[in-house]
Amino acid sequence: ADVKHGWKMIGSLRVLWFSKAIRLLMKETGAKFSEIVEAWVAYADPDWGRPLFHAEFDEIQRSLTSFIGYYCERNRIEPDFFVTFARREFPSHEADYRRSL
């Protein structure tokens, strides 16, 4: 169970670390990255450690946007700005995303 949780943490870092929406959420609300990661692990599909493929990229984008709304509502933060920011953050093609890393 601990190893599986560790892989979920690693997989979540691939999604969350590079998100400007997550960084802005932390800056504006004082949220800690570790709290966001734990919330994401509890929220997201357990298999986020898998490689990103184009079909999965749209799924990740939708899930992250939904997660931000969920996280904000759970923590009594107005979600509209952060959700809109997350929707605009990601390019529509995986190659553009990989280049930004």
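Which residues form a nonpolar patch on the surface? In this predicted model, the answer is Val3, Trp7 and Ile10, which together have about 350 Å² of accessible area. Trp7 sits in helix H1, which covers residues 2–16. Its relative accessibility is 55%, so Trp7 counts as exposed, the cut-off being over 50%.

Let's step back and look at the whole fold before going inside. The protein has six helices and zero strands, so to read the elements from the N terminus on is to read α-α-α-α-α-α. Of its 101 residues, 40% count as buried. The exposed area comes to about 6,400 Å², and carbon and sulfur atoms supply 54% of that area. If you take the contacts between residues at least 6 apart in sequence, 68% of them join residues at least 24 apart.

Now for the interior. In soluble globular proteins, nonpolar side chains tend to be buried together. Here the largest nonpolar core has 24 residues, and the members that touch the most others are Leu16, Ile22, Ile36, Leu64, Phe67, Ile68 and Tyr71. At least two residues of this core come from each of H1, H2, H3 (33–43), H4 (54–74) and H5 (80–89).

Ile22 is a good place to start a tour of that core. Once its neighbours within four places in sequence are set aside, Ile22 is in contact with Leu16, Phe33, Ile36, Leu64, Phe67 and Ile68. The backbone of Ile22 has a polar partner too: its nitrogen lies 3.1 Å from a polar atom of the side chain of Ser19.

What about Ser19 itself: is this residue buried or exposed? Ser19 is found in the loop between H1 and helix H2 (20–29). With a relative accessibility of 0%, Ser19 counts as buried, because the cut-off for that label is under 20%.

One more stop brings us to a second tryptophan. Trp40 lies in helix H3, and its relative accessible area is 0%, which means that Trp40 is buried. Trp7, by contrast, is exposed at 55%. You can also use Trp40 to see how the chain folds back on itself in space: Trp40 and Ile68 are 28 residues apart in sequence, and their C-alpha atoms are 9.1 Å apart. Ile68 is one of the core members that touch the most others, and it appears among the contacts of Ile22 as well.

Terms used
Residues numbered from 1 in each chain as written. Predicted model: local features only at pLDDT ≥ 70, side-chain atom pairs only at ≥ 80, totals over all residues. Heavy atoms only, no water. Patch = residues over 30% accessible without salt bridge, like charges linked within 9 Å, V, L, I, M, F, W, Y side chains within 5 Å. Areas by Shrake-Rupley, 256 points an atom, 1.4 Å probe, with all protein chains shown as cover. Salt bridge = Lys/Arg side-chain N within 4 Å of Asp/Glu carboxyl O. Helix = DSSP H or I, 4+ residues; strand = E, 2+ residues; numbered from the N terminus. Buried < 20%, exposed > 50% of the residue type's maximum accessible area, 1.4 Å probe, protein only. Polar contact = N/O pair within 3.5 Å; in protein donor to acceptor, adjacent residues only side chain to side chain. Core = buried A, V, L, I, M, F, W, Y, C linked by side-chain atoms within 4.5 Å. Contact = heavy atoms within 4.5 Å.
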